Structure formats: C-alpha cells, structure tokens
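Reader: I should like a close look at a single part of this model, namely the surroundings of the bound ligand, followed by an account of how that part connects to the rest of the fold. Please give one continuous answer.

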Amino acid sequence: MTTTPTAVRTTAVAARATDLSKTYGTGETRVVALDRVSVDFRQAEFTAIMGPSGSGKSTLMHCVAGLDTFSSGSVRIGDTELGALKDKHLTRLRRDKIGFIFQAFNLLPTLTALENITLPMDIAGRKPDRQWLDTVIDMVGLSGRLSHRPSQLSGGQQQRVAVARALASRPDIVFGDEPTGNLDSRSGAEVLGFLRNSVRELGQTVVMVTHDPVAAAYADRVVFLADGRIVDELRDPTADAVLDRMKRFDAKGRTS
Ligand SMILES: Nc1ncnc2c1ncn2[C@@H]1O[C@H](COP(=O)(O)OP(=O)(O)OP(=O)(O)O)[C@@H](O)[C@H]1O
Ligand SMILES: [Mg+2]
C-alpha cells in the first residue's frame, strides 16, 4: 500500500511570478538573469530556492519581494500586482506585507536587540502586537538578550534577531537570501528550525535561497534554478535527495 501525505496544504498563493524576465545591460554585456520564470509560493509553505552561482536566485527573490524591478512578466503578492504599483504604494506593501532576512544580518549597532526587532514598525509608526512579539521572541529564544546590542551577541544570536525582525510585523511572506550563509552549522540549524517552526506553528510563508542541501531539507519544497530558468522541483526534500538532484544537473551541464 502506498502512503500519501496526510498534511493538509492550503492552496492560497502568497506570491506568484508569471513569465518573469529580467535582463541587465545591452549588447555584448547583456545578461539574462531571469528567463520567463513562473512560480507560486503558497501560504504556510517553506520553499527553498537552489541553483549554481549566477543562476538568478537573488534576482528572483528581489523581484518577487518588490526590492528590484523586472523587464517583463508579472509578480503578485497576495492579490496585488506589483507592476501596477506606484513607488509609494510599493514601499508601503513591502513594509506591511514582506519580511526580509539578509545574509549579513543588517542590524543597527547602536540599538538593542529589541529595538532592532521593532525598528521597521517604529519607522512605520505602527504599534507592535505585544502578544505576537512575545511569541516570536520566545520562539527564537532571545528573551534573555533583548537589551543587548548586536556587538554583545554571537553571530547566531544576531541572525535570530534578524529573523525575529522579519517576523515581528506578521508579514504575509518572509524572504531570506542565504540567511544561514554566515553561521556555523549549529547556529544555522537553530535559525532554520525557527523558520520551519514559524511555518508549521504560526502559518508563516517562507522563501529562502540556500546553497546548502542540509538547509534546503528544512523546507517543504525545493525549486531549482539554472541559467535564469526553473529546471526542477522537489517536494518534502531530504538532504540526500537534494544532493542527488544537484549531481544530476552537474552531469547534464558537462554533457551538454
Ligand atoms: N546589477 C547587475 N548588473 C549586471 N548583471 C547582474 C547584476 N546583478 C546580477 N547580475 C547577473 O545576473 C545573473 C544572476 O545573478 P544573481 O545574483 O541573481 O545570481 P545568484 O543565483 O543569486 O548567485 P549567487 O549564488 O552567487 O548569489 C548573474 O549572471 C549576474 O552576474
Ligand atoms: Mg545570490
């Protein structure tokens, strides 16, 4: 008897790219960073994006997160088409609906951990939902470190502050570009565990770029990019299965 996954997945789409293309430069220096990419990121799902250096991972993430413009195609966050938005509205959508975790934590050195976490909301003049904030701080295990400044925190703790900051405003979708790229494997595992918990327990939608098959195995699904195109997808990945797929692409690359 074959077993089927019993987990019920919601089908609502948190973000969608359709025929998304992005080129840089013209003539001889023209680079096609994204070549008609169509992909859905479903609500309460954890997606990892993988692929060789230069395959367009960061470009895809920046375009979908409204941090970068695209050449053609469309991007939707929830029901909102990004292409139709004026700058002011795009800024507001980014602020209200999107959380971003950068590889270099991007914390402000003069602020405490707690002040860093609430900074985006403070700038927006929004009052944090205290209960939610406590839940997030508790989940990332920073309760005892809230009055510390970044220089008084380890790399892993700083990245946990960055994770809490991205989750604090309850964004519709959280993007991370190699969020564990600068961490040792133990701190990385902690941060990945928090991201996965935020999906499983809080219904957060997370999209993460990573080069690490072990990190990708925390996700529900892996999307593989090569030369600006989606070339494969893997559900319920294990590190071994991800490695296996990556080897297959390498072999194809050599024979073609
Ligand atoms: N500002 C830019 N001007 C010109 N070309 C760019 C620019 N930014 C990116 N590119 C090119 O677009 C392609 C995709 O870049 P991107 O940063 O998305 O790759 P990536 O998959 O994130 O790679 P990595 O794993 O190294 O971070 C690359 O060929 C890159 O050289
Ligand atoms: Mg990149």
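**The ligand site and its surroundings**

Author: In this predicted model, a polar side-chain atom of His 211 is placed 2.9 Å from an oxygen atom of ligand 1. Two further side chains make polar approaches to the ligand. An N or O atom in the side chain of Lys 57 is 2.7 Å from a ligand oxygen, and for the side chain of Ser 58 the corresponding distance is 2.9 Å. Ligand 1 on its own would expose 630 Å², of which the protein buries 59%.

The shell around ligand 1 comprises Tyr 24, Val 31, Ala 33, Pro 52, Ser 53, Gly 54, Ser 55, Gly 56, Lys 57, Ser 58, Thr 59 and His 211. Two elements, strand S2 (31–42) and helix H1 (57–64), give two or more residues to this shell. The greatest contribution is that of H1, with three residues.

Ser 55 deserves separate attention. This shell residue sits in the loop that joins S3 to H1. Ser 55 counts as buried because its relative accessibility is 2%, under the 20% limit. The side chain of Ser 55 reaches back to the backbone oxygen of Pro 52, at 2.6 Å; Pro 52 is itself a member of the ligand shell. Leaving aside residues up to four places away in sequence, Ser 55 touches Ala 33, Leu 225, Ala 226, Asp 227 and Gly 228.

From the shell one may follow strand S2, in which Leu 34 lies. With a relative accessibility of 0%, Leu 34 is classed as buried. Its contacts, not counting residues up to four places away in sequence, are Leu 20, Ser 21, Lys 22, Gly 56, Thr 59, Leu 60, Cys 63 and Gly 228. Of these contacts, Gly 56 and Thr 59 also belong to the ligand shell. Tyr 24, another shell residue, is 10 residues from Leu 34 in sequence and 9.7 Å from it in space, C-alpha to C-alpha.

Arg 16 offers a second reference point, located in strand S1 (residues 13–24). The C-alpha atoms of Arg 16 and Leu 34 are 15 Å apart, with a separation of 18 residues in sequence. Arg 16 has a relative accessibility of 26% and therefore counts as partly exposed. Its side chain makes a polar contact of 2.6 Å with the side chain of Asp 40. Beyond residues up to four places away in sequence, Arg 16 touches Val 39, Asp 40, Ser 74, Val 75 and Arg 76.

The nonpolar interior comes next. The largest nonpolar core has 42 residues, and Phe 46, Ile 117, Leu 195 and Val 222 touch the most other members. Elements giving two or more residues to this core are S3, helix H3 (113–124), H4, H5, H6, S8, H7 and strand S9 (221–226). H5 gives the most, with seven residues. A second, separate core of 27 residues includes Ala 14, Val 39, Ile 77 and Val 207; Val 39 is also one of the residues touched by Arg 16.

Among the contacts of Phe 46, not counting residues up to four places away in sequence, are Leu 192, Leu 195, Arg 196 and Val 199, as well as Val 206, Met 208 and Tyr 218. Leu 192, Leu 195 and Val 199 are among the buried residues of H6. The cover over the buried residues of H6 includes strand S3 (46–50), strand S6 (98–101), helix H4 (130–139), helix H5 (155–168), strand S8 (206–209) and helix H7 (213–216).

H6 itself covers residues 185–202, and its 18 residues should span 26 Å at 1.5 Å a residue; the end C-alpha atoms are 25 Å apart, which agrees. At the N-terminal end, Asp 184 acts as a cap, with a side-chain oxygen 2.9 Å from the backbone nitrogen of Arg 186. Gly 203 follows H6 and has a positive phi, near 70 degrees.

H5 has 14 residues and reaches 20 Å from first to last C-alpha, close to the 20 Å expected at 1.5 Å a residue. Because 13 of its 14 residues are buried, H5 is largely enclosed by the rest of the structure. The helix is followed by Arg 170, whose phi is positive, near 55 degrees.

How values were computed
Residues are numbered from 1 along each chain as its sequence is written. Chains are lettered from A and ligands numbered from 1 in the order in which they are written. This is a predicted model: local features need pLDDT of at least 70, side-chain atom pairs count only at pLDDT 80 or more; totals for chains, interfaces and linings use all residues. Side-chain values use heavy atoms; hydrogens and water are left out. Helices (H or I, at least four residues) and strands (E, at least two) are DSSP runs, numbered from the N terminus. The expected span of a helix is 1.5 Å times one less than its number of residues. Buried means under 20% relative accessible area, exposed over 50%, partly exposed in between (1.4 Å probe, protein chains only). Contact means heavy atoms within 4.5 Å. A polar contact is a pair of N or O atoms within 3.5 Å; within protein, one must be able to donate a hydrogen and the other to accept it, and residues adjacent in sequence count only if both atoms are side-chain atoms. A nonpolar core is a set of buried Ala, Val, Leu, Ile, Met, Phe, Trp, Tyr and Cys residues joined through side-chain atoms within 4.5 Å. A residue is near a molecule or strand if one of its heavy atoms lies within 4 Å of it. Accessible areas come from the Shrake-Rupley method with a 1.4 Å probe; for residues, only the protein chains shown count as cover.
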